[in-house]
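Student: Hi! Could you walk me through this structure? I'll throw short questions at you as we go.

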Amino acid sequence: MGTTAEYGLGEYSFPRSWFMVAEASELDGGPIGVRFFANDFVIYRGESGKIVMLDAYCPHMGTHLCKNTTSYIVRDGTQIHGDSIRCPYHGWSFGDDGKCDDIPYAKRIPEAAKVKSYTAVERAGAIFMWHDPEGLEPDFDLPAFAQWDDPAWVRWRFDHMGELASHPIEILYNLADMAHLGPVHAAPVEYFEDEIRGHVCIQRQGGRSRTLVDANGLLETDSWYLGHGVMQSTMTGLMDSHMIIAHTPVEDGVTKVWHGLMVKAPGATPTEQDIAAGRAYQEASRQAFAQDFEIWTYKKPATAIMRIPEDGPFHKVKLWASQFYNPRSKTAEILKRAEGRYGAGDMPRTRERIGA
Ligand code: FES
Ligand SMILES: [Fe+2]
């Protein structure tokens with residue numbers, strides 16, 4: 001387990017970005033408690049449908065707002081009212097802005113009776129939060145995941161990959177990691193390029209894969225991060241697909257990870273068969289990702305990489321990631337050194353260059 005300081009990423013332990021914090025269906029049974037960024041939160045769906053995310057502990061006497069099954073506030077189903085949540089201990093209620101809006105046995109509400117609230121939204125079957133050590137509003141949008149709302153696509157069901165005792169930079173390094181695709185995934189690379197632009201980091205690569213190939217025998221992927229927490233990937237091959245890998249720091253050096261994959265049906269809406277094929281394709285993709293996961297589970301932190309010229313641009317991906325661990329006032333200076341297009345040694349950088 002390596003910490004942000006050990007990797008030398010920046011002054012904040014936890015980065016700024018949009019991060020997945022739950023699968024949306026986890027909220028169907030009422031409020032849930034989650035831990036990320038070394039902090040405990042409660043998340044619930046208010047009666048208006050609004051997603052509310054608050055710090056978990058009641059300022060009155062420190063009770064966890066939702067880890068309770070026996071208080072009559074919970075048993076009677078009165079804990080969520082409107083978009084507010086009531087503490088199971090003495091019934092103080094907190095609104096979606098975190099401010100106490102009712103103390104059932106008092107006339108006056110103390111000014112300090114509030115918990116911190118966070119920007120959280122439901123999209124593509126997941127709950128995402130904006131995390132920002134500077135406490136500012138988002139400076140880029142959460143990805144749209146437009147395929148989720150397109151009826152021709154078989155939606156993903158999230159694979160909960162679990163918690164990895166690794167810093168998320170080890171996962172981000174995948175974007176520069178040309179040389180592992182052959183040995184780990186039996187998909188040796190024939191062209192490869194990374195592009196860094198603002199909060200976006202893109203990898204374009206293709207090669208002959210032993211498994212998931214198209215008529216050319218060429219498997220091509222475009223993979224990109226919009227910020228630090230969410231990677232998406234499109235793959236040409238047997239079916240059009242759209243993958244998500246979401247990863248969120250739990251503690252400094254511990255990361256929770258999800259995987260999902262949507263597949264486009266040939267017709268306007270997926271048949272039973274298309275759905276089954278989509279599920280099988282997601283499972284094949286999960287198994288490929290699990291190969292990386294096994295490596296990460298047992299490796300030491302790569303706080304210094306013995307990088308050779310034929311490796312992809314690990315150093316640039318790290319520099320790009322460091323913008324999220326530093327104040328926004330440093331972003332321009334970091335990007336000046338990080339932005340650009342990078343290959344790996346003499347390897348061709350585009351499909352055209354290999355004449356495929
Ligand atoms: S501890 Fe929450 S209302 Fe008293
Ligand atoms: Fe991989």
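Student: Is Asp 28 buried or exposed?

Tutor: Asp 28 is exposed, because its relative accessible area is 55%. The cut-offs are under 20% relative accessible area for buried, over 50% for exposed and partly exposed in between, with a 1.4 Å probe and protein chains only. Before we go on, this is a predicted model: local features need pLDDT of at least 70, side-chain atom pairs count only at pLDDT 80 or more, and totals for chains, interfaces and linings use all residues. Residues are numbered from 1 along each chain as its sequence is written, chains are lettered from A and ligands numbered from 1 in the order in which they are written, and side-chain values use heavy atoms, with hydrogens and water left out.

Student: Thanks! Which side chain does Asp 28 meet in a salt bridge?

Tutor: That of Arg 45, at 3.0 Å from N to O. Arg 45 sits in strand β3 (residues 39-45) and Asp 28 in the loop between β1 (17-23) and β2 (32-36), so the pair ties together parts that are 17 residues apart in sequence. Arg 45 counts as partly exposed, at 26% relative accessibility. A salt bridge here is a side-chain nitrogen of Lys or Arg within 4 Å of a carboxyl oxygen of Asp or Glu. Helices (H or I, at least four residues) and strands (E, at least two) are DSSP runs, numbered from the N terminus.

Student: How many salt bridges are there?

Tutor: The structure holds 19 salt bridges.

Student: And what does Arg 328 pair with?

Tutor: One partner is Asp 132, with an N to O distance of 2.6 Å. Arg 328 is in the loop between α6 and α7 and Asp 132 in the loop between β11 (126-131) and β12 (153-154), so this bridge ties together parts that are 196 residues apart in sequence. Asp 139 also meets Arg 328 in a salt bridge, at 3.8 Å, N to O. Asp 139 lies in the loop between β11 and β12, so that pair ties together parts that are 189 residues apart in sequence.

Student: How accessible are those three?

Tutor: Arg 328 is partly exposed, with a relative accessible area of 21%. Asp 132 is buried at 12%, and Asp 139 is partly exposed at 39%.

Student: New topic, the metal. What coordinates the iron ion (ligand 2)?

Tutor: The iron ion (ligand 2) is held by His 180 (NE2), His 185 (NE2) and two OD atoms of Asp 292, at 2.1 to 2.4 Å. Donors are N, O and S atoms within 2.8 Å of the metal (3.2 Å for Na, K and Ca); water is not among the atoms, so sites may look incomplete. Along the chain, the donors follow the spacing H-x4-H-x106-D. His 180 is in the loop between α3 (169-172) and α4 (181-185), while Asp 292 is in helix α5 (residues 272-298), 112 residues apart. Both His 180 and Asp 292 are buried.

Student: What about the geometry of the iron ion (ligand 2)?

Tutor: The site is irregular, with angles of 56 to 144° among its 4 donor atoms. Four donors count as tetrahedral if all angles lie between 85 and 135 degrees; four count as square planar and six as octahedral if opposite donors are over 155 degrees apart and all others between 65 and 115; anything else is irregular.

Student: Since α5 came up, how far apart are its end C-alpha atoms?

Tutor: They are 39 Å apart, which agrees with the 39 Å that the 27 residues of α5 should span at 1.5 Å a residue. The expected span is 1.5 Å times one less than the number of residues. Among the buried residues of α5 are Tyr 281, Phe 289, Asp 292 and Trp 296.

Student: And why is α6 largely enclosed?

Tutor: Because 7 of the 9 residues of helix α6 (residues 314-322) are buried, it is largely enclosed by the rest of the structure. They include Phe 314, Leu 319 and Trp 320. The buried residues of α6 pack against several elements, among them α3, β14 (189-197) and α7 (331-338), where contact means heavy atoms within 4.5 Å.

Student: Last one: where is Arg 86, and what does its side chain reach?

Tutor: Arg 86 is in strand β6 (residues 84-86), and its side chain reaches the backbone oxygen of Gly 91 at 2.8 Å. Arg 86 counts as buried, at 16% relative accessibility.

Methods:
A polar contact is a pair of N or O atoms within 3.5 Å; within protein, one must be able to donate a hydrogen and the other to accept it, and residues adjacent in sequence count only if both atoms are side-chain atoms.
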